[in-house]
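Here are my notes on this one, written as numbered points so you can follow along with the structure open. Take them in order, and find each residue as you go.

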Amino acid sequence: MGGMQLRSTLLASTLCCVSLVAPYLQAADSAMVKRGQMLFLQCRACHDTQPSTTTKVGPNLHCLFGRSAAGAADYATYSEALRSSKVTWNRESLDQWLVNPAAMVPGTTMAFAGVPSAENRAALIAFLEQSTACN
Ligand code: HEC
């Protein structure tokens, strides 16, 4: 009997702490996404994250994660360098791309110096993951 009680007390205290920590993590995540959204201001002139009828200098990034590089169907002006790069977009490849696109894919036409801060890249990627999601 005593053992049961102890176990349910332990269970209750575990539940208590999980539910205290989870909203904190969520808040941290959404702060990251917000920061990424601000950082995306430097990309927005050239990219949309949702389907759009406007033509921009860069490809539309909708459904980016899991997509092969140069995979936006309605973007005709990809460089040969990106087309033949064999990159698939995920957190790791995007991190490398955002450090310095031309270092990762020599000959790319994305005229962008890169994002030197690892924290800023992580925030941008968190924002991209949310805002480019296929739905
Ligand atoms: C001056 C315009 C410009 C800016 C600013 C810019 N990009 Fe690009 N981006 C391009 C172009 C053009 C391409 C296509 C490159 C190629 O074909 O080599 C591209 C390609 C990409 C791709 C690959 C897409 C695919 O379909 O394979 C990603 C991801 C990307 N950009 C993300 C970003 C992010 C994130 C930022 C901001 C930190 C950014 N870009 C800033 C013009 C830009």
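1. Let's start with the largest nonpolar core, which has 11 residues. The members are L61, L64, W97, L98, V115, A123, L124, I125, A126, F127 and L128. Keep in mind that you are looking at a predicted model. Helix 3 and helix 5 (118-131) each put at least two residues into this core. The largest share is that of helix 5, with six residues.

2. Now stay with helix 5 for a moment. Which of its residues are buried? They are R121, A123, L124, I125, A126, F127 and L128. A quick sanity check on the helix itself works out nicely: helix 5 has 14 residues, and at 1.5 Å a residue these should span 20 Å. The C-alpha atoms at its ends are 20 Å apart, so the expected span and the model agree. If you are wondering about the way side chains are arranged around such a helix, an α-helix has 3.6 residues a turn, so residues three or four places apart point the same way.

3. L98 is a good residue for tracing contacts in the core. What does L98 touch, once neighbours within four places in sequence are left aside? The answer is G114, V115, R121 and L124. Two of these names, V115 and L124, are also on the core list, and R121 and L124 both appear among the buried residues of helix 5.

4. L61 is another core member, but its place is in the loop between helix 1 and helix 2. Is L61 buried or exposed? With 20 C-beta neighbours inside 10 Å, L61 counts as buried, because the cut-off for that is 20 or more. Leaving aside neighbours within four places in sequence, L61 is in contact with H47, D48, T49, L128 and T132. L128 is a core residue as well. Also have a look at A72: along the chain L61 and A72 are 11 residues apart, and their C-alpha atoms are separated by 7.4 Å.

5. Step back to the whole chain. The protein chain has five helices and zero strands, so reading along the sequence gives the pattern α-α-α-α-α. Of the 135 residues in the protein chain, buried ones make up 17%. As for contacts between residues at least 6 apart in sequence, 49% join residues at least 24 apart.

6. Next, the ligand. How many residues surround the ligand? There are 28, and the closest are C43, C46, G58, S79 and M110. The elements giving two or more residues to this shell are helix 2 (80-83) and helix 3 (91-99). Sorted by class, the shell holds 21 nonpolar and seven polar residues, and no charged ones.

7. The loop between helix 1 (2-39) and helix 2 deserves some of your time, and S52 lies in it. S52 counts as exposed because it has 12 C-beta neighbours inside 10 Å. S52 and H62 are 10 residues apart along the chain, with 9.3 Å between their C-alpha atoms. V57 sits in the loop between helix 1 and helix 2 too, and V57 is exposed, with 11 other C-beta atoms within 10 Å. From V57 to T77 is 20 residues in sequence and 9.1 Å in space, C-alpha to C-alpha.

8. Two residues have a backbone angle worth checking. Most residues other than glycine have a negative phi. C63, however, has a positive phi near 60° and is not a glycine. A70 is not a glycine either, and its phi is positive at about 65°. C63 is placed in the loop between helix 1 and helix 2, and A70 lies in the loop between helix 1 and helix 2 as well. C63 counts as partly exposed, with 18 C-beta neighbours inside 10 Å. A70 is partly exposed, with 19 other C-beta atoms within 10 Å.

9. Last one: A111. Where is A111? A111 lies in the loop between helix 4 (101-104) and helix 5. A111 is exposed, with 10 other C-beta atoms within 10 Å. A111 and G58 are 53 residues apart in sequence, yet 9.7 Å apart in space, C-alpha to C-alpha. G58 is one of the closest residues to the ligand.

Methods:
Residues are numbered from 1 along each chain as its sequence is written. This is a predicted model: local features need pLDDT of at least 70, side-chain atom pairs count only at pLDDT 80 or more; totals for chains, interfaces and linings use all residues. A residue is near a molecule or strand if its C-beta atom, placed from the backbone, lies within 6 Å of it. Helices (H or I, at least four residues) and strands (E, at least two) are DSSP runs, numbered from the N terminus. Ala, Val, Leu, Ile, Met, Phe, Trp, Tyr, Cys and Pro count as nonpolar, Asp, Glu, Lys and Arg as charged, and the others, Gly among them, as polar. A nonpolar core is a set of buried Ala, Val, Leu, Ile, Met, Phe, Trp, Tyr and Cys residues joined through C-beta atoms within 7 Å. Two residues are in contact if their C-beta atoms, placed from the backbone, lie within 7 Å. The expected span of a helix is 1.5 Å times one less than its number of residues.
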